Amino acid sequence: MKRFIPLFVVAIAAAVGAFASHGSGDMAKDGEAYFNGFGCERCHTINGKGGDYGPDLTYVGFRKSKEWLDLWLKDPHGWKSNTVMPNLHLSDEVRASLVAYLSNLKGDSYRLSTPWNHASVKDNSAKRGEMLFNKAGCVGCHGRAGVGGNPNNNVAGNKIPTLTLVADGYSREELITKIRVGVPKSLKEDPSGPDPMIHMPAWGTVLKDDELESLADYLISLKPKASGGAATKDEW
Ligand code: HEC
Ligand code: HEC
């Protein structure tokens, strides 16, 4: 997969000229066309359609600010040096349209048809929580299976926390509350420095109680077992 990327990115860059000059006047609508035109959907799923090489973006406008989305699309490696998300060298106009489109995505379609209530996972709370973790996009900040490693600015360690050991510090109830209310402002490392760009969202505004409970059950299940742990799954 990795070796195949540069090829298809080049092909996309060549094909995209066709889109670049035809604005419809509706930025979010243009953004949707660009999303498909630039091949974003080969790596990202929205509303159940697309690839899984990168995080599902169905809730991305709920969890990430416009400012961060713009920064990320402008220079992914500037924010996370080892990311495999390519820099597609988007023009300002294309980037602004993509940000308008993405910031509208707040999970509406998944709330109408919830994949985590499918019969295959419905009766297994931790499995259901794993699906939610990936589809609601916890994975976009906390990494695959909660292993962490993603950057934040002006917080201790400059990282978003790892979640594999939360079972040691939180009861199930405390975890549910944490996920429900989030952390609107993380403690700044340098009090006179800028606000951190990433914050833990208040998921209680878009997820139901039984969904928060499944997420907590999944996080508790991440604690490594004596035999080696569960945090190696290769999926978003
Ligand atoms: C936009 C990025 C982002 C997303 C998405 C996100 N988180 Fe967080 N999360 C954070 C940040 C930042 C913190 C640290 C907050 C602080 O300063 O204490 C955090 C903290 C946490 C903590 C507390 C960890 C600890 O060690 O105290 C838990 C538990 C947690 N998140 C679970 C989740 C779950 C479950 C989801 C998905 C429903 C999720 N997070 C989605 C950014 C995010
Ligand atoms: C080759 C696959 C690939 C392509 C093409 C790609 N991305 Fe990504 N993208 C990723 C990966 C992988 C990540 C996760 C980054 C990380 O954590 O290292 C990501 C992350 C993101 C994020 C942040 C997600 C989150 O949860 O916070 C956004 C937004 C995004 N991409 C948008 C786009 C857009 C818009 C395009 C098209 C212009 C695009 N991506 C094209 C692979 C891709």
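Ala, Val, Leu, Ile, Met, Phe, Trp, Tyr, Cys and Pro count here as nonpolar, Asp, Glu, Lys and Arg as charged, and the others, Gly among them, as polar. The model in these exercises is predicted.

**Exercise 1.** Determine how the shell around ligand 2 is composed and which parts of the chain supply it.

*Solution.* Begin with the classes: 18 residues are nonpolar, 7 polar and 3 charged. Next, identify the residues that come nearest among the 28 around this ligand: Cys 40, Cys 43, Gly 54, Thr 83 and Gly 140. Two or more residues each are given by helix 4 (40-43), helix 6 (66-74), helix 8 (92-103) and helix 11 (125-142). Finally, assign the shell to domains: domain 1 (2-103) and domain 2 (114-221) each contribute at least three residues.

**Exercise 2.** Identify the helix that supplies the largest share of the shell around ligand 1.

*Solution.* The helices that supply at least two residues each are helix 11, helix 13 (172-181) and helix 14 (209-221). The largest share, 6 residues, belongs to helix 11. Of the 25 residues around ligand 1, those that come nearest are Cys 138, Cys 141, Val 183, Ser 186 and Met 200. By class, this shell holds 16 nonpolar, 6 polar and 3 charged residues.

**Exercise 3.** Classify the packing of helix 6 against helix 8.

*Solution.* The two axes come within 10 Å and cross at roughly 135°. Angles over 145 degrees would count as roughly antiparallel and 65 to 115 as roughly perpendicular; helix 6 and helix 8 are therefore oblique to each other. The crossing is right-handed. On the helix 6 side, Lys 66, Leu 69, Asp 70, Leu 73 and Lys 74 take part, meeting Arg 95, Leu 98, Val 99, Leu 102 and Ser 103 of helix 8. These contact residues comprise 5 nonpolar, 1 polar and 4 charged.

Key. Residues numbered from 1 in each chain as written. Chains lettered and ligands numbered in written order. Predicted model: local features only at pLDDT ≥ 70, side-chain atom pairs only at ≥ 80, totals over all residues. Helix = DSSP H or I, 4+ residues; strand = E, 2+ residues; numbered from the N terminus. Domains from an automatic or database assignment. Near = placed C-beta within 6 Å. Axes fitted to C-alpha atoms, helices over the stretch in contact; angles between N-to-C directions. Parallel < 35°, antiparallel > 145°, perpendicular 65-115°, else oblique. Left-handed = near helix turned anticlockwise from the far one by under 90°. Contact = placed C-beta atoms within 7 Å.
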